[in-house]
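Visitor: I have a structure to read and little practice. Please show me how to go about it.

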Protein chains: 2
Amino acid sequence: MLNYLESSNELLQKRGYRLTPQRYMILQVLQEAVGHLSIDQILEGVRKSYPHMNLSTIYRTLELLREVGLVREIHLPGEGVQFEIFADHAHQHLLCHGCRALIHLDADLLGNLPKQIELQYHFYGVTLDLLVAGYCEKCWSTMNAFNTSG
Amino acid sequence: MLNYLESSNELLQKRGYRLTPQRYMILQVLQEAVGHLSIDQILEGVRKSYPHMNLSTIYRTLELLREVGLVREIHLPGEGVQFEIFADHAHQHLLCHGCRALIHLDADLLGNLPKQIELQYHFYGVTLDLLVAGYCEKCWSTMNAFNTSG
DNA sequence: GTTCGTGCAAATACTTTGCAAGTCG
DNA sequence: CGACTTGCAAAGTATTTGCACGAAC
């Protein structure tokens, strides 16, 4: 997928930034990842090919890439920040409050909501992030053992 | 709303915990708040009536209350963790990547999705959190000034 | 008296910043 | 040369932990 990295380069240049080796490597790691990565995972990933990579460079780079719209950050309860390539798809997670199990939902649950919101609120390039949190069967019964009077 | 605090007490007791003055105050502050509060806001709030309140007590208490299901944590891009009384309503935020403006959406955008998910995934007591992120009109044009070739 | 909870101080973890040196246009 | 970047070290924040003391069961 050189195309992606090339177009990233263009975008950065237009904003007066360079696609340095470090930035390139970070984008590459993010791109090759299936989902979102934590700061540490990114660091690790880059260090496989460039052991010298510095943590503060990661932070600075991610902030830059976020600002120009190449990556986005994801927050999930109980976890640190994570990052991923900015893509035009909805995120849908199902989280159990009890055991903190996290499931990715694939079904298209949100339909044409994005369009609807763009029109209604004059927002553009919107992505949706749905977090469904509740209790899985197991944790639910644990909860209820305490909740029901008696 | 003494009822709420009383039932919190019951719940805690059942799990072998006590509703100490500190915990009581924290719940009270959260309850009186309109929306979600940051750790600092909670500390501040409690200190109005009890200047001695300690930060680590806040952390420990929130973790406890979260675990028993009385409060929940909320993460929004670019902000620290926030907490609120666990209530059975959906959160819907609209965030601008550019200026980080945050808008609460009131409309009922998600319909019967909760029920649907409970049935389909065997999760219970689910709440939904929708984060719609995009660019507001102003930031969108700024972006485009850079994005369009030329 | 034993378990639970708090305050305080110290330890960790996470993130940002300042600066000297290197790279690219 | 001048603007942009990085690595490193240091400074900041945020969060967690250990422990002695006090309160509740």
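The dialogue below takes up the two copies, the DNA contacts and a pair of helices.

Guide: This is a predicted model, where local features need pLDDT of at least 70, side-chain atom pairs count only at pLDDT 80 or more, and totals for chains, interfaces and linings use all residues. Residues are numbered from 1 along each chain as its sequence is written, chains are lettered from A and ligands numbered from 1 in the order in which they are written, and side-chain values use heavy atoms, with hydrogens and water left out.

Visitor: How is chain B laid on chain A?

Guide: Two copies of a chain are related by a rotation about an axis and a shift along it. Here, a turn of 180 degrees and a shift of 0.0 Å along the axis lay chain B on chain A, with an RMSD of 0.1 Å. The fit is by least squares on the C-alpha atoms of residues with pLDDT of at least 70 in both copies. The two copies are thus related as by a two-fold rotation axis.

Visitor: Which residue of chain B comes closest to the rotation axis?

Guide: Leu130(B), with its C-alpha at 2.3 Å. The same surface serves both copies, as 100% of the contact residues of chain B recur in chain A. Contact means heavy atoms within 4.5 Å.

Visitor: Which residues come nearest to DNA strand D?

Guide: A residue is near a strand if one of its heavy atoms lies within 4 Å of it. There are 18 residues around DNA strand D, and Arg18(A), Arg23(A), Tyr50(A), Thr57(A) and Tyr59(B) come nearest. Sugar and phosphate make up 65% of the strand D atoms that come within 4 Å of the protein.

Visitor: Which part of DNA strand D lies by Ser56(A)?

Guide: A base nitrogen, 3.3 Å from a polar side-chain atom of Ser56(A). For His52(A), a polar side-chain atom lies 3.3 Å from a phosphate oxygen of the strand. For Gln22(A), the partner is a sugar or linking oxygen, at 2.9 Å.

Visitor: At what angle do H2(A) and H4(A) cross?

Guide: Two packed helices are described by the angle between their axes and the distance between the axes. Helices here are DSSP runs (H or I, at least four residues), numbered from the N terminus. Axes are lines fitted to C-alpha atoms over the stretch in contact, and angles run from 0 to 180 degrees between N-to-C directions. The axes of H2(A) and H4(A) come within 10 Å and cross at roughly 75 degrees. H2(A) and H4(A) are therefore roughly perpendicular, a label for angles of 65 to 115 degrees.

Methods. A polar contact is a pair of N or O atoms within 3.5 Å; within protein, one must be able to donate a hydrogen and the other to accept it, and residues adjacent in sequence count only if both atoms are side-chain atoms. Helices (H or I, at least four residues) and strands (E, at least two) are DSSP runs, numbered from the N terminus. Angles under 35 degrees count as roughly parallel, over 145 as roughly antiparallel, 65 to 115 as roughly perpendicular and the rest as oblique.
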